[in-house]
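Q: Please take a close look at the annotated sites of this protein and at the strands around them. I would like one connected account of where the listed residues sit and what surrounds them.

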Amino acid sequence: GNFTFTMIKPGAVNNEYIGPILAKITDAGFRIAAMKMIKLRTAQAEVFYGIHKERPFFRSLVEFMTSGPIVVAVLEKENAVQSYRELIGSTNPEEAKSGTIRKLFAESVSKNAVHGSDSVENAANEALFFFSRSEIF
Ligand code: ATP
């Protein structure tokens, strides 16, 4: 459990929050093990968020996540998954604690600045969705 996976979502990229969000991440003691800026294709977003395909917000989630570039990264720290969930705060920024990334940079529950893996197993699957093993140092 020493790695997690994150995405900086289109709203945050568009608002020029990449730098401030990465500063929060490194200030919290995470090491950036791999990172790139990409644009998700619709089919990729549908697979990545496949667990939500029956939810009412699925179509708008896929549209939002493909609306502009995102930053994907693998982060290393002791207890990374849980530690990063604490750093990003609640899914709904109105419920996120002060100082968390979502409290500082999210616009709404749908435009909530970042993604963070919710389990060690998902972190590995999500990291390998975007990176080959040789890209993760
Ligand atoms: P993420 O997986 O992005 O880190 P999360 O684990 O906090 O978020 P999930 O419940 O897995 O939240 O939802 C995935 C994403 O779907 C959320 O980050 C958010 O962008 C979107 N989402 C979740 N609930 C809603 C909702 N009620 N309305 C609109 N969008 C939502």
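A: Strands E1 and E3 run antiparallel and are joined by six bridges. One pairing between them sets Thr4 against Leu75 in E3. On E3 there is also an antiparallel pairing with strand E2 (residues 31-38), which extends over seven bridges; here Ile38 stands opposite Ile70. Strand E3 itself, residues 70-76, is mostly covered, with five of its seven residues buried.

This is a predicted model. The mean pLDDT of the protein is 97, and 99% of its residues reach 70 or more. For the complex, the predictor gives an ipTM of 0.89 and a pTM of 0.95.

From these strands the account passes to the annotated residues. An unreviewed UniProt entry lists Lys9, Phe57, Arg85, Thr91, Arg102 and Asn112 under "binding site". Lys9 is placed in the loop between strand E1 (3-8) and helix H1 (10-14). Its C-beta atom has 27 others within 10 Å, and Lys9 is therefore buried, the cut-off being 20 or more. Apart from neighbours within four places in sequence, Lys9 is in contact with Met65, Ile70, Lys111, Ala113, Val114 and His115. One of these contacts, Ile70, is the residue that Ile38 stands opposite in E3.

A second residue of the "binding site" list, Arg102, belongs to helix H6, which comprises residues 101-105. Arg102 counts as buried because it has 24 C-beta neighbours inside 10 Å. With neighbours within four places in sequence left aside, its contacts are Ile88, Gly89, Ser90, Pro93, Ala96, Asn112, Ala113 and Val114. Among them, Asn112 is also on the UniProt "binding site" list. Ala113 and Val114 are contacts of Arg102 and are likewise contacts of Lys9.

The "active site" annotation, again from an unreviewed UniProt entry, names His115. This residue lies in strand E4, which covers residues 114-116. His115 has 19 other C-beta atoms within 10 Å and is therefore partly exposed, since a buried residue needs 20 or more. Leaving aside neighbours within four places in sequence, His115 is in contact with Thr6, Met7 and Lys9. The contact with Lys9 links the "active site" residue to a residue listed under "binding site".

Methods. Residues numbered from 1 in each chain as written. Predicted model: local features only at pLDDT ≥ 70, side-chain atom pairs only at ≥ 80, totals over all residues. pLDDT = per-residue confidence, 0-100. UniProt positions renumbered as here; feature names shortened; annotations may be inferred. Helix = DSSP H or I, 4+ residues; strand = E, 2+ residues; numbered from the N terminus. Buried ≥ 20, exposed ≤ 12 C-beta atoms within 10 Å, placed from the backbone. Contact = placed C-beta atoms within 7 Å. Pairing = 2+ DSSP bridges.
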